[in-house]
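Me: Please take a close look at one part of this model for me. Keep it chatty, but keep the numbers in.

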Amino acid sequence: VVKEKQMNVERIREIMKKRNITQYRLSKISGVNEGNLSLLLRNANCAPRISTVIAIAKALEVEITEII
């Protein structure tokens, strides 16, 4: 669980928009459950697992530090 820093949801949305990646597509390429991804992108999930952060960063082809 990422404790001290939360995910930068706005930054994730920016990258998704720039690369024309839908929430559904991000779910598929990251392997993160679409329901969990939806919660996270609505900022309802304030403490994602580090494995989730890593999966999203890899799927977006960015460093983890760009999204936390």
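What follows is a walk around helix α1 (residues 9–18) and the parts of the chain it meets.

Reply: Some ground rules come before the helix. This is a predicted model, so to speak of a local feature I need pLDDT of at least 70, and side-chain atom pairs count only at pLDDT 80 or more, while totals for chains, interfaces and linings use all residues. Residues are numbered from 1 along each chain as its sequence is written, and side-chain values use heavy atoms, with hydrogens and water left out.

Now the setting. The protein chain has 4 helices and 0 strands, where helices (H or I, at least four residues) and strands (E, at least two) are DSSP runs numbered from the N terminus. The order of elements is therefore α-α-α-α from the N terminus on. Of the 68 residues, 37% count as buried; buried means under 20% relative accessible area, exposed over 50%, and partly exposed in between, with a 1.4 Å probe and protein chains only. The chain exposes about 4,600 Å², with carbon and sulfur atoms supplying 45% of that; these areas come from the Shrake-Rupley method with a 1.4 Å probe, and for residues only the protein chains shown count as cover. Take contacts (heavy atoms within 4.5 Å) between residues at least 6 apart in sequence: 64% of them join residues at least 24 apart.

On to α1 itself. Its buried residues are Val-9, Ile-12, Ile-15 and Met-16. They sit on the same side of the helix because they cover an arc of only 125 degrees around the axis, the arc being that of the directions from the helix axis to the C-beta atoms. On the face turned away from this buried side you'll find the exposed residues Glu-10, Lys-17 and Lys-18. What covers the buried residues of α1 includes α2, α3 (34–41) and α4 (50–60).

Ile-12 also turns up in the largest nonpolar core, meaning a set of buried Ala, Val, Leu, Ile, Met, Phe, Trp, Tyr and Cys residues joined through side-chain atoms within 4.5 Å. This core has 19 residues, and Ile-12, Leu-26, Ile-56, Leu-60 and Ile-67 touch the most other members. α1, α3 and α4 each supply at least two of its residues, with α4 giving the most, 6 residues.

Ile-67 is a good one to click on. Setting aside residues up to four places away in sequence, Ile-67 touches Gln-6, Met-7, Asn-8, Ile-12, Ile-15, Val-53, Ile-56, Ala-57 and Val-62. Val-62, in turn, is found in the segment after α4 and is buried, with a relative accessible area of 13%. With the same sequence neighbours left out, Val-62 touches Ile-15, Arg-19, Ala-57 and Ile-67. Val-62 and Ile-15 are 47 residues apart along the chain, yet their C-alpha atoms are separated by 9.1 Å.

Then there are the charges on α1. Side chains of opposite charge can pair when their charged atoms come close. Here the count is 2 salt bridges, a salt bridge being a side-chain nitrogen of Lys or Arg within 4 Å of a carboxyl oxygen of Asp or Glu. Arg-11 pairs with Glu-14, the closest N and O atoms being 3.2 Å apart; both residues lie in α1, 3 residues apart, about one turn of the helix. Arg-11 also meets Glu-66 in a salt bridge, at 3.3 Å from N to O. Arg-11 is in α1 and Glu-66 in the segment after α4, so this pair ties together parts that are 55 residues apart in sequence. Because the salt bridges share partners, Arg-11, Glu-14 and Glu-66 form one network. Each partner counts as partly exposed: Arg-11 at 27% relative accessibility, Glu-14 at 47% and Glu-66 at 33%.

Last, look at what comes right after the helix. Just after α1, Asn-20 has a positive phi of about 55 degrees although it is not a glycine. Asn-20 is found in the loop between α1 and α2 and counts as exposed, at 70% relative accessibility. Glu-61, in the segment after α4, is another non-glycine residue with a positive phi, near 60 degrees, and Glu-61 counts as exposed at 68%.
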